[in-house]
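Grab a pencil and take a look at the model below. You'll work through a few short exercises on it.

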Amino acid sequence: MNATKDGSTRRGLRAWWADPPRSGMRRLIAPWEYRHARVFGVARIAGAGVAAAPGVICLAYSAYAWAAFFLAIAALNLAGGYWLITIARSQARDNRGRESLA
């Protein structure tokens, strides 16, 4: 009950996961990924390109089931990367607004 407020005490999982504070769907993103959203967004988009390459190769060899698998992974990575980049953009916009108010 006599815990200090200097951060030296061990935080629980819920407190760790809530740092930084997020709302809505952003809570689904891991904290380390949320803190570096632009880097992870670009990495996901690059991963989409890597996953699309075997999809196109499978299409060339008429392996349609495998092509659908790889292209679906590429589409999901592309969507996730775009989402993370838009979050990073909104964070930057919010931070610029706070700096101008100070």
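Here are three exercises on this predicted model, each with a worked solution.

**Exercise 1: the whole chain**

Work out which pattern of helices and strands the protein chain follows.

*Solution.* Start by counting: the protein chain has four helices and zero strands. Then read along the sequence, and you get the pattern α-α-α-α. While you're looking at the whole chain, note that buried residues make up 21% of its 102 residues. The chain exposes about 7800 Å², and 65% of that comes from carbon and sulfur atoms.

**Exercise 2: the span of H3**

Find how far helix H3 reaches from its first C-alpha to its last, and set that against the expected value.

*Solution.* Helix H3 covers residues 37–60, which gives 24 residues. At 1.5 Å a residue, the expected span is 34 Å. The model's H3 reaches 35 Å, close to that expectation. Just past the helix, have a look at Ser 62: its phi is positive, near 60 degrees.

**Exercise 3: Ala 37**

Decide whether Ala 37 is buried or exposed, then list what it touches.

*Solution.* First, place the residue: Ala 37 is found in helix H3. Next, use the cut-off: buried means under 20% relative accessible area. Ala 37 has 2% relative accessibility, so it counts as buried. Other buried residues in H3 include Gly 41, Ala 48 and Cys 58. Now the neighbours: leaving out residues up to four places away in sequence, Ala 37 touches Leu 84, Ile 87, Ala 88 and Gln 91. Finally, compare sequence with space: Ala 37 and Gly 81 are 44 residues apart in sequence, and their C-alphas are 8.8 Å apart.

Definitions and conventions. Residues are numbered from 1 along each chain as its sequence is written. This is a predicted model: local features need pLDDT of at least 70, side-chain atom pairs count only at pLDDT 80 or more; totals for chains, interfaces and linings use all residues. Side-chain values use heavy atoms; hydrogens and water are left out. Helices (H or I, at least four residues) and strands (E, at least two) are DSSP runs, numbered from the N terminus. The expected span of a helix is 1.5 Å times one less than its number of residues. Buried means under 20% relative accessible area, exposed over 50%, partly exposed in between (1.4 Å probe, protein chains only). Accessible areas come from the Shrake-Rupley method with a 1.4 Å probe; for residues, only the protein chains shown count as cover. Contact means heavy atoms within 4.5 Å.
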